[in-house]
Amino acid sequence: MPAVLALLDTKAWWPPRWLDRLLPNVDVEGEELHRELGDTAPPERPAREPETAGV
């Protein structure tokens, strides 16, 4: 598999145009929504406390 990826170079990481047009655009991180609302940066998540085992 690594040899095939090396041979295909950057073409291995992007779908063909015809398939890209058929697939829906999934915005998992919500970047498009932040752009529409005018937010410059997504809200920061609060830092989690480290979990300690058995304490």
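Accessible areas in this talk come from the Shrake-Rupley method with a 1.4 Å probe. On that basis, the accessible surface of the protein comes to about 6100 Å². Carbon and sulfur atoms hold 59% of that area.

What you have in front of you is a predicted model. The mean pLDDT for the protein is 80, and 73% of the residues score at least 70. Where pLDDT is low, the predicted coordinates should not be read in detail. Broken down by element, H2 has the highest mean pLDDT, at 92, and H3 the lowest, at 84.

Now the fold. There are three helices and zero strands in the protein. Reading along the sequence gives the pattern α-α-α. Helix H1 covers 2-8, helix H2 covers 17-22, and helix H3 covers residues 31-37. Of the 55 residues in the protein, 4% are buried.

I will start at the N terminus. Met1 sits in the segment before helix H1. Is Met1 buried or exposed? Met1 has a relative accessible area of 69%, and the cut-off for exposed is over 50%, so Met1 counts as exposed. Together with Val4 and Leu8, Met1 makes a nonpolar surface patch of about 310 Å².

Next, one backbone detail. Asp9 lies in the loop between H1 and helix H2. The phi of Asp9 is near 55°, which is a positive value in a residue other than glycine.

That brings me to the charged side chains. Side chains of opposite charge can pair when their charged atoms come close. How many salt bridges does the model contain? The count comes to two.

One salt bridge joins the side chains of Glu32 and Arg35, with an N to O distance of 2.8 Å. Glu32 and Arg35 are three residues apart in helix H3, about one turn of the helix. Salt bridges with shared partners link Glu31, Glu32 and Arg35 into one network.

The salt bridge between Glu31 and Arg35 has an N to O distance of 3.8 Å. The cut-off for a salt bridge is within 4 Å, so this pair is counted. Glu31 and Arg35 are both in helix H3, four residues apart, again about one turn of the helix.

How accessible are the members of this network? Arg35 is exposed, at a relative accessible area of 56%. Glu31 is partly exposed, with 47% relative accessibility. Glu32 is also partly exposed, and its relative accessible area is 38%. Both glutamates fall in that class because partly exposed runs between the buried limit of under 20% and the exposed limit of over 50%.

To recap: three helices and zero strands, a nonpolar patch made by Met1, Val4 and Leu8, and a network of Glu31, Glu32 and Arg35. As for confidence, H3, where Glu31 and Arg35 lie, has the lowest mean pLDDT among the elements.

Terms used
Residues are numbered from 1 along each chain as its sequence is written. Side-chain values use heavy atoms; hydrogens and water are left out. Patches are made of residues with over 30% relative accessible area and no salt bridge: like charges are joined within 9 Å, nonpolar side chains (Val, Leu, Ile, Met, Phe, Trp, Tyr) within 5 Å. Helices (H or I, at least four residues) and strands (E, at least two) are DSSP runs, numbered from the N terminus. Buried means under 20% relative accessible area, exposed over 50%, partly exposed in between (1.4 Å probe, protein chains only). pLDDT is the predictor's confidence in each residue, from 0 to 100.
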